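Biologist: I have a structure open beside its sequence and would like to talk it through with you. Could you walk me around it?

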Amino acid sequence: MAEKNMNDLFLHNLKDIYYAEKQIYKTLPKMAKAAASTELQEAFEAHREETAVQIERIEEVFKILDKRAQGVVCEAIQGIIEEGKETMDDFGSSPVIDTALTGAGRAVEHYEIARYSVLCALAKQLGMKDAVKLLDQNLQEEIKTDKLLSQLAESFGTGSTSTSTSTRKAA
Ligand SMILES: [Fe+2]
């Protein structure tokens, strides 16, 4: 087998995020449905629309590489999504569901930020200016979404009254 190079590494990362974005696209409606507040519901819905465009940008990058758009199974994102589903099951009827959902959403965003940061750096090293532009647009949207989710989490507070302090003491 030929020795793998930087191009191979870039392509593998691209396939990985392509798979991840498609999984995220499928999961976001479930998260929106589970959200109690309209703001969080709208944030997830808006990010789903953004995700559709992000998938198209990744397809553009595949075109630049003259490769077929194709994902590769990413167990990391599967695990993060699985954990999100558990959160929805465990906290579905709890007053802290929205805080829990912002946490699940932020785990996804941080994963994506890590991947896009690497992809941007690799594309830069490979001198692929157009790819850098496309991938950086996705990166900036993930950073913005992460910030929005963190602001929403702060606005939700603890989701309960005096019980939170006593629970914390007991823990
Ligand atoms: Fe994304």
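Modeller: What follows goes from the overall build to the metal site and then to single residues, and please keep in mind that this is a predicted model.

Biologist: Fine, start broad: how many helices and strands are there in the protein?

Modeller: The protein has 6 helices and 0 strands, so along the sequence the pattern reads α-α-α-α-α-α. Its C-alpha atoms fill a box of roughly 60 × 30 × 25 Å along the principal axes.

Biologist: And what share of the residues counts as buried?

Modeller: Of the 171 residues, 42% count as buried, while the protein exposes about 9800 Å², with carbon and sulfur atoms supplying 52% of that area. Among contacts with a separation of 6 or more, residues 24 or more positions apart account for 81%.

Biologist: On to the metal, then. Which residues are the protein donors of the iron ion?

Modeller: The donors are E21, which appears twice through OE atoms, together with Q54 through OE1, and E112 and E142 through OE atoms, and they lie 2.0 to 2.4 Å from the iron ion. Written as a sequence spacing, the donor residues follow E-x32-Q-x57-E-x29-E. Because Q54 lies in helix α2 (residues 38-65) and E112 in helix α4, that pair ties together parts that are 58 residues apart in sequence.

Biologist: Are Q54 and E112 buried or exposed?

Modeller: Q54 counts as buried at 0% relative accessibility, and E112 is also buried, at 0%; the cut-off for buried is under 20%.

Biologist: What about the helix that carries E112, how far does α4 reach?

Modeller: Helix α4 covers residues 97-125, which is 29 residues, and it reaches 42 Å from its first C-alpha to its last, close to the 42 Å expected at 1.5 Å a residue. Just after α4, G127 takes a positive phi of about 70°. Within α4 you also find A107, which is partly exposed because its relative accessibility is 28%. The C-alpha atoms of A107 and I81 are 9.0 Å apart, with their positions 26 residues apart in sequence.

Biologist: How does α1 compare with its expected span?

Modeller: The 29 residues of α1 should span 42 Å at 1.5 Å a residue, and the end C-alpha atoms are 41 Å apart, which agrees. There is nevertheless a kink of about 30° at T27, shortly before the proline P29. At the start of α1, a side-chain oxygen of N5 comes to within 3.0 Å of the backbone nitrogen of N7.

Biologist: While we are in α1, what does D16 touch?

Modeller: D16 sits in helix α1, residues 6-34, and, not counting residues up to four places away in sequence, it touches V72, C74, Y111 and R115. D16 counts as buried because its relative accessible area is 6%, which falls under the 20% cut-off.

Biologist: Changing topic, E50 caught my eye. Where does E50 lie, and which side chain does it join in a polar contact?

Modeller: E50 lies in helix α2, and a polar contact of 2.9 Å joins its side chain to that of H47. Leaving out residues up to four places away in sequence, E50 touches E141, K144 and T145. With a relative accessible area of 17%, E50 is buried.

Biologist: Why would two side chains three places apart in an α-helix point the same way?

Modeller: An α-helix has 3.6 residues a turn, so residues three or four places apart point the same way.

Biologist: And L134, which residues is it in contact with?

Modeller: L134 is found in helix α5, residues 129-156, and, apart from neighbours within four places in sequence, it is in contact with R57, E60, V61 and I64. L134 and V61 are 73 residues apart in sequence, yet their C-alpha atoms are 7.4 Å apart in space. At 16% relative accessibility, L134 counts as buried.

Biologist: Last one: what is the phi of D66, and is D66 buried or exposed?

Modeller: Phi of D66 is near 60°, a positive value in a residue other than glycine. D66 lies in the loop between α2 and α3 (75-91), and its relative accessible area of 71% makes it exposed, because exposed means over 50%.

Terms used:
Residues numbered from 1 in each chain as written. Predicted model: local features only at pLDDT ≥ 70, side-chain atom pairs only at ≥ 80, totals over all residues. Heavy atoms only, no water. Helix = DSSP H or I, 4+ residues; strand = E, 2+ residues; numbered from the N terminus. Buried < 20%, exposed > 50% of the residue type's maximum accessible area, 1.4 Å probe, protein only. Contact = heavy atoms within 4.5 Å. Expected span 1.5 Å × (residues − 1). Donors = N, O, S within 2.8 Å, 3.2 Å for Na, K, Ca; no water. Bend = angle between axes of the 7 residues up to and from the residue. Polar contact = N/O pair within 3.5 Å; in protein donor to acceptor, adjacent residues only side chain to side chain. Areas by Shrake-Rupley, 256 points an atom, 1.4 Å probe, with all protein chains shown as cover.
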